[in-house]
Amino acid sequence: MLILVRHGRTAANAAGRMQGRIDNPLDETGIAQAEATAAALEQVDRVISSPLARAKDTAERIARASGVEVEVDERWLELDFGIYDGRAITDVPTDVWSRWQVDEHWRPEAGESLAELRQRTFEACDELVPAVADGDVVVVSHVSPIKAAIAWSLGLDNETTWRTHLDVASISRLAVRGDLPMLVSFNEIHHLPGATHRLRYREHGR
């Protein structure tokens, strides 16, 4: 099983800010969420993480519970928002959101396109197929790579990014049967303290 975990909350998440490559730590709520996520997962064989602190801290708590070491893979980094990194989501111009939605090859100044993120995430998923066919591998990452991995499992395009919602510290599960990946669960949050399914529109503070 490939178990995809979004990192716990940061202050930027709570403030509704874009959070791509900015290396923010977990806030107090995020730490509690990471602990709850670690407790919710059964013994796993491997834990892989984005190199960013919010993901690594979450991953280390999960790894500790299973007695394994965290493996860092930069392919699971969040999308690079370029000049919009750190800005309030509501301050990003409407035409920028439109460009992102209609053109997967468009990239913000000093940033990365969804097509580029998709390519690196798909490569990482393909590489994990043998491991997840025989064991449980946790990947702790961010909104955009996790949604790309969901698209990989379902054979979908980048529209998945805009038509799904992923909470902080959520769990999603993918299985592989033969060479065929499949979605088992998406956005599990029942394990989190005070969990709610309230939708926060454009929650891209990754």
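This is a short walk through the fold of one protein chain, then three residues in its loops.

Okay, before anything else: what you're looking at is a predicted model. Let's start with the overall picture. We have 7 helices and 6 strands in the secondary structure. If you follow the chain along the sequence, the pattern reads β-α-α-β-α-β-α-α-β-α-α-β-β. The radius of gyration comes out at 16 Å, close to the 17 Å from the globule rule for 206 residues, so the protein is as compact as a globular protein of that length. For those who like box dimensions, the C-alpha trace spans about 45 × 40 × 30 Å along its principal axes.

A few bulk numbers while we're here. Of the 206 residues, 54% count as buried. Take the contacts with a separation of 6 or more: 69% of those come from residues 24 or more positions apart. The exposed area is about 9,300 Å², with carbon and sulfur atoms supplying 48% of it.

Right, on to the sheet. In what order do the strands sit in the sheet? Going across, you get β3-β2-β4-β1-β5-β6, as an open sheet of 6 strands with mixed pairing. At the edges are β3, residues 70-72, and β6, residues 180-188, and each of those pairs on one side only. From one strand to the next, the twist averages 25°.

Now let's see where that mix of directions shows up. Strand β2, residues 46-49, pairs with β4 in the parallel sense over 4 bridges, and within that pairing Ile48 stands opposite Val139 in β4. On β2's pairing with β3, there are 3 bridges, again parallel, with Val47 opposite Val70 in β3. To get from β2 to β3 the chain goes through helix α3, residues 53-66, and this β-α-β crossover is right-handed.

For the antiparallel case, look at β1, residues 2-6, and β5, residues 171-177: these two run antiparallel and are joined by 4 bridges. If you want a pair to click on, try Leu4, whose bridge partner in β5 is Ser172.

One helix to point out against the sheet is α6, residues 143-154. Helix α6 lies across β1, β4, β5 and β6, and runs at about 140° to β6.

Okay, loops. Which residues does Pro108 touch, once you leave out those up to four places away in sequence? The list is Asp80, Phe81, Gly82, Tyr84 and Trp100. Pro108 itself is in the loop between α4, residues 94-102, and α5, residues 114-134. Its relative accessible area is 1%, so Pro108 counts as buried, the cut-off being under 20%. Gly82 is 26 residues away along the chain, yet the two C-alpha atoms are separated by 5.9 Å.

Last thing, for anyone who checks backbone torsions: two alanines. Ala110 has phi near 65°, which is positive for a residue other than glycine. Ala169 also has a positive phi, near 60°. Buried or exposed, then, for each of these? Ala110, in the loop between α4 and α5, is at 63% relative accessibility, so Ala110 counts as exposed. Ala169, in the loop between α7, residues 160-163, and β5, has a relative accessible area of 1%, so Ala169 is buried.

That's my tour; happy to rotate the model if anyone wants another look.

Conventions
Residues numbered from 1 in each chain as written. Predicted model: local features only at pLDDT ≥ 70, side-chain atom pairs only at ≥ 80, totals over all residues. Heavy atoms only, no water. Pairing = 2+ DSSP bridges. Axes fitted to C-alpha atoms, helices over the stretch in contact; angles between N-to-C directions. Contact = heavy atoms within 4.5 Å. Rg over C-alpha atoms; globule rule 2.2 N^0.38 Å. Buried < 20%, exposed > 50% of the residue type's maximum accessible area, 1.4 Å probe, protein only. Areas by Shrake-Rupley, 256 points an atom, 1.4 Å probe, with all protein chains shown as cover. Right-handed = clockwise from strand over helix to strand, strands pointing away.
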